[in-house]
Amino acid sequence: MTAPAPADVPILQTASSLVVLAADTYSSLQALPFGGGPSAPAPLRDLLAAALDALARARTDLATATRQAGGRAQTNADPRYTPVVEQALPTVRGPGDVVGLALTLEDVLAQTLVADVVDLSAPEVRRTVAGHAAAAARRKALLLTFQTLLSTGRAELVASPPDLAALPPAAGTVGFPDVLFPTEKASPATEGAVR
């Protein structure tokens, strides 16, 4: 197995900082009645729970790769997006707000991982980071679908299995708006580096 190079450290630390922020935010959202509580749509509750599990794995994988590259594992939340979350959390008033905030974080996380994976030196680390990028992109697709359904004013449409006859036409395609995955919102590789 090829060990990651020291040049990988800031990339891995930035990715870790975004994962830490997403996990912390999801924990906060899960504690809300309309996020993880009884008034939340079941698929949204399930997504938050599954995301927390996936983000815990990502955190462990990224910390291991960072240490193998000779760096210190990042345990702090991303400095650029933490204020965004701190400002948004008090304004979360329903499932649509939960989805909107989660979507912002998943979009930045996915775009950052996609943008930076090519710069990692070790094939094993690239595969791991690409896998976490794919997981964030899947969550983003689900969140985009939830956002479309919630925007109809009919939260009951966010159901599993869905009432296919009641779904708006965009529900089948809104989760995949891009032919090529965008990276313009990717965080700079050094944004979450431990200093």
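How much space lies in the largest cavity? About 50 Å³. Keep in mind, everyone, that this is a predicted model, so every value here is computed from it.

Okay, cavities to begin with. Searching the whole structure with a floor of 30 Å³ turns up 2 of them. I'll take the largest one, then the second largest.

Who lines the largest cavity? Val19, Ala54, Leu55, Ala58, Leu62, Leu109, Leu113, His132, Ala135 and Arg139. If you sort that lining by class, you get 8 nonpolar residues, 1 polar and 1 charged. As for the helices, α2 (42–68), α4 (95–117) and α5 (123–150) each put in at least two residues. The largest share is from α2, with 4 residues.

Next, the second largest cavity, which holds about 40 Å³ of space. Its lining is made up of Ile11, Leu12, Ala15, Thr112, Leu113, Asp116 and Val129. Here, α1 (9–30) and α4 are the elements that give two or more residues. By class, that's 5 nonpolar, 1 polar and 1 charged. And yes, you've heard one name twice: Leu113 is in the lining of the largest cavity and also in the lining of the second largest.

Let me stay with one of those lining residues, Ala15. You'll find Ala15 in helix α1. Buried or exposed? Ala15 has a relative accessibility of 4%, and the cut-off for buried is under 20%, so Ala15 counts as buried. Which residues does Ala15 contact, once we leave aside neighbours within four places in sequence? Leu62, Leu109 and Leu113. Those three names also appear in the lining of the largest cavity. For a sense of distance, take Gly153, which is 138 residues from Ala15 along the chain: their C-alpha atoms are 35 Å apart.

Last stop, Gln74, which sits in the loop between α2 and α3 (82–88). Its relative accessibility is 9%, so by that under-20% cut-off Gln74 is buried too. What does Gln74 touch, not counting residues up to four places away in sequence? On one side of the numbering we have Gln13, Ser16, Ser17 and Val20, and then there are Gly192, Ala193 and Val194. There's also a polar atom of the Gln74 side chain 2.8 Å from the backbone nitrogen of Asn76.

So, to recap: 2 cavities of 30 Å³ or more, a buried Ala15 in the lining of the second largest, and a buried Gln74 in a loop. That's me done, thanks.

Definitions and conventions:
Residues numbered from 1 in each chain as written. Predicted model: local features only at pLDDT ≥ 70, side-chain atom pairs only at ≥ 80, totals over all residues. Heavy atoms only, no water. 1 Å grid on protein atoms, 1.4 Å probe; cavity = no way out; pocket = protein on both sides within 12 Å on 5 of 7 lines; lining within 4 Å. Points joined across faces, edges and corners; volume = space filled by probe spheres on them. Nonpolar A, V, L, I, M, F, W, Y, C, P; charged D, E, K, R; others polar. Buried < 20%, exposed > 50% of the residue type's maximum accessible area, 1.4 Å probe, protein only. Contact = heavy atoms within 4.5 Å. Polar contact = N/O pair within 3.5 Å; in protein donor to acceptor, adjacent residues only side chain to side chain.
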